[in-house]
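Student: I have a predicted model open and would like to know how its labels are earned. Could you take me through a few of them?

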Amino acid sequence: MVLKKKKEIQVDAFFLRQQQLEKLQRFSKADEQNLASLLLHCAQLRNGIQQIQCIKQIMPLVKKMDQNSACDPMVKACLDILGQIYFSLGTKNPLKKVLASSLNSLPEQFMMSAVQSFVSCLREELKTTDVYLYRKVLDNLASCMEDFSLGRASVKNLYEEVLQFLQKSLLDIQEENRQNNGNRIVQTQLMHDLLVAIKVSMMLVQKLQENIQGSLWKHHESSFVWQSMCSLLKSSTNFLVDETLLQTVQTTSGLAVILFVKAMYEPVEELPSLVSDLLLGSTKHTGVPAWFVSNCGALCTEELPDSVLLFLCHGALAMLEWKNGSMGENGEKLLLDIVSVLLSLSSELKESSMATSLSRILAIWTNSALAALVSGSPSLKIKLNGNSDAIGKLLEYIYTHWEHPLDAVRHQTKLIFKNLLGIHRTTITDPNEKSDPFFARLTKRLLSLEWHVKGKYASLGCLVECVGTENILQLDGTIPAQILDVMNDQSLAPYASDLLETMFTNHKARFTSSSQESAWIDQWHDIWVSPLLVILCEGNQDQTTYIIDYYLPRLLRCSPESLSYMIRILQTSADANLGSCRTRGALGALMACLRTARAHGHLELSNIMSSGLVSTECIKQGLVHQHNQVCIDALGLLCETHRSTEIVSVEEMQLIQFFMMYNLNSQSPSVRQQICSLLRKLFCRIQESSQVLYKLEHNKTKLDLLEISTERHPLGILQQYKDFLSSVCDRLFEALFPGSSHPTRFSALTILRSIAEIFSVQKGEKSSLQAARMGGVEENSFMPAI
């Protein structure tokens, strides 16, 4: 085992100018620590981590000051410097977040002075005129408004100046981008700066909505805030319709347009109608405010570009309030108009990024519809019922896109289907989904599709969660066996195993919650375990491999107690299948189940052997079976465990020696490689468990050791390990006689190399086995190798 060195966290330290250091020195006291001396010490550190620890000491010191300290010039000077430090730090520097967190607990008597200091620093920031330095100012504005009360108060005091800066930054970045047309590197940087500027503008409107709206209506169109908001709205509209910009900029601009119009539009009840008119191309200038036409005129056309329609739909879904029916009938109409527009775009937007955006926005629509239906009108429930035209078209979209080549589209399509089921369930009054005609019709349609249709699996899984597994099985009880039959195709195996897990987990949950406390487990085994055992015994190599890899571990995780049922059934029929070389047979199925169960921590081999559930002879038959995979599974049962430090028992070591007597000369290269790999795991387990044994031996008192039997004494186990490894090495060296076959030589040399690598001892060290033989506890020879 190789231990990776833990990567050290690097934090950039901050530095103060000479003038700031001199100011702190004037207020510092040599005989006692005050705020100035603490800050001075912090600034003189050259390690960011140490500075973080130092900053955390500021608030405990400040809280010890009396009420009159708020007027102390020293405190004012320190707050000024703290503000300058905050605005100088990069947005990703942990020091910035630590400083903000500390200042959030600043006592009330210091808040006014601290706000004045931060306002002064922020005002200086807003004077920046270099377009390539705007990003730093924008990042600072965003940081101030995120979980930082002092920063938010500073922005609130300067919100008109902040609005002016944001207005100017959007125009300047847009112009700089135009002038650098063709310079892709510079334009990409400017695009990201523009995106941040739009996001900060939205954040300002959302965080300080009351301030801004209060100023908007004071003088309305003559007010500075109103004019600034109009400028932000116009810029966002221009970005929305500019297809030369990055798609993320256009998407965010769609959000910004709806947010800004929502803040400015009166009466707010008419806003959904305005958005509907924009989407449907039915805006009439006579009924729209002049300020909207002058700033958003590019949107007041009969045919907007498809991308603009898409991003406006996104903006409306994300920025308007769909809960509690707050938008009334106009809001319900807008909800239906949005889905109509989105579905009409699905046949137009084929480019991958746009198709992905469309699927994501449709998923958002389903979430908004669910929110609206909670308190929606009866008419909306009728219009979004599973039998409605809108839901029918959504289903067609799902059927068309559930096998889309893009993972993101397939994922969103599954989410749309799941939410669609929830939408219909919200619209019906009968709480029994099983008898609902829509669910019944949908179930029959999905089951009628061929199993090679991959989209069927995820949708059927969603339906199972909605109506229950029993309802599906009533229509066709052979579904579990049908799905297992599909698992001979590796491309379908993951989908099939996901669906099976959903079904048997749901089925078990329904059984355990019902009154059938004792009878249900037999029925559950008949449905989910028995078909599995039949295929494991009689299925072809590929099918059984995929079932063991994908399905069996999930079944055991859901129902570990089913393992004893599997063992009992397979043990009963094992004799009749011995000698089969084309299929695993019952013995091979048993070895596969035991190996998987032990590897996933559901089985203690010593327990089932001591209880007689599985005999040593049975495992020996598996180790020398004619079917190669049965041999490998039997060996894997001995070598693979859930815990890498589990002690190797005497029975396991004897079985390994038995295996090596008959299998070193395997003619299959892949089988030889698997044998060597599994034995290497066993040797690693011996090596790691020996470390645990030495620690146990070292920590136990003599009285404790007397209470342990000789066989289970740590040194006794280590002696057994030594004898085992010596025997294995002897057997391997004997196999290298002159004239031995190539397979035998390959296996023997590969296994010997593993032993040499795992149990290598550095020069001058004693191995653990040597220490054990010499009474190693007394010599403190607790070596990592044996």
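Student: What makes up the lining of the second largest pocket, by class?
Tutor: That lining has 7 nonpolar, 4 polar and 7 charged residues. Here Ala, Val, Leu, Ile, Met, Phe, Trp, Tyr, Cys and Pro count as nonpolar, Asp, Glu, Lys and Arg as charged, and the others, Gly among them, as polar. Keep in mind that this is a predicted model, where local features need pLDDT of at least 70 and side-chain atom pairs pLDDT 80 or more, while totals for chains, interfaces and linings use all residues. Residues are numbered from 1 along each chain as its sequence is written, and side-chain values use heavy atoms, leaving out hydrogens and water.

Student: Why is glutamate 640 called buried?
Tutor: Its relative accessibility is 14%, and buried means under 20% relative accessible area, with a 1.4 Å probe and protein chains only. Glutamate 640 therefore counts as buried.

Student: Which side chains make a polar contact with the side chain of glutamate 640?
Tutor: Arginine 595 does so at 2.8 Å, and lysine 681 at 2.9 Å. A polar contact is a pair of N or O atoms within 3.5 Å; within protein, one must be able to donate a hydrogen and the other to accept it, and residues adjacent in sequence count only if both atoms are side-chain atoms.

Student: Which residues does glutamate 640 touch?
Tutor: Not counting residues up to four places away in sequence, they are Arg595, Arg598, Ala599, Leu678 and Lys681; contact means heavy atoms within 4.5 Å.

Conventions
Buried < 20%, exposed > 50% of the residue type's maximum accessible area, 1.4 Å probe, protein only.
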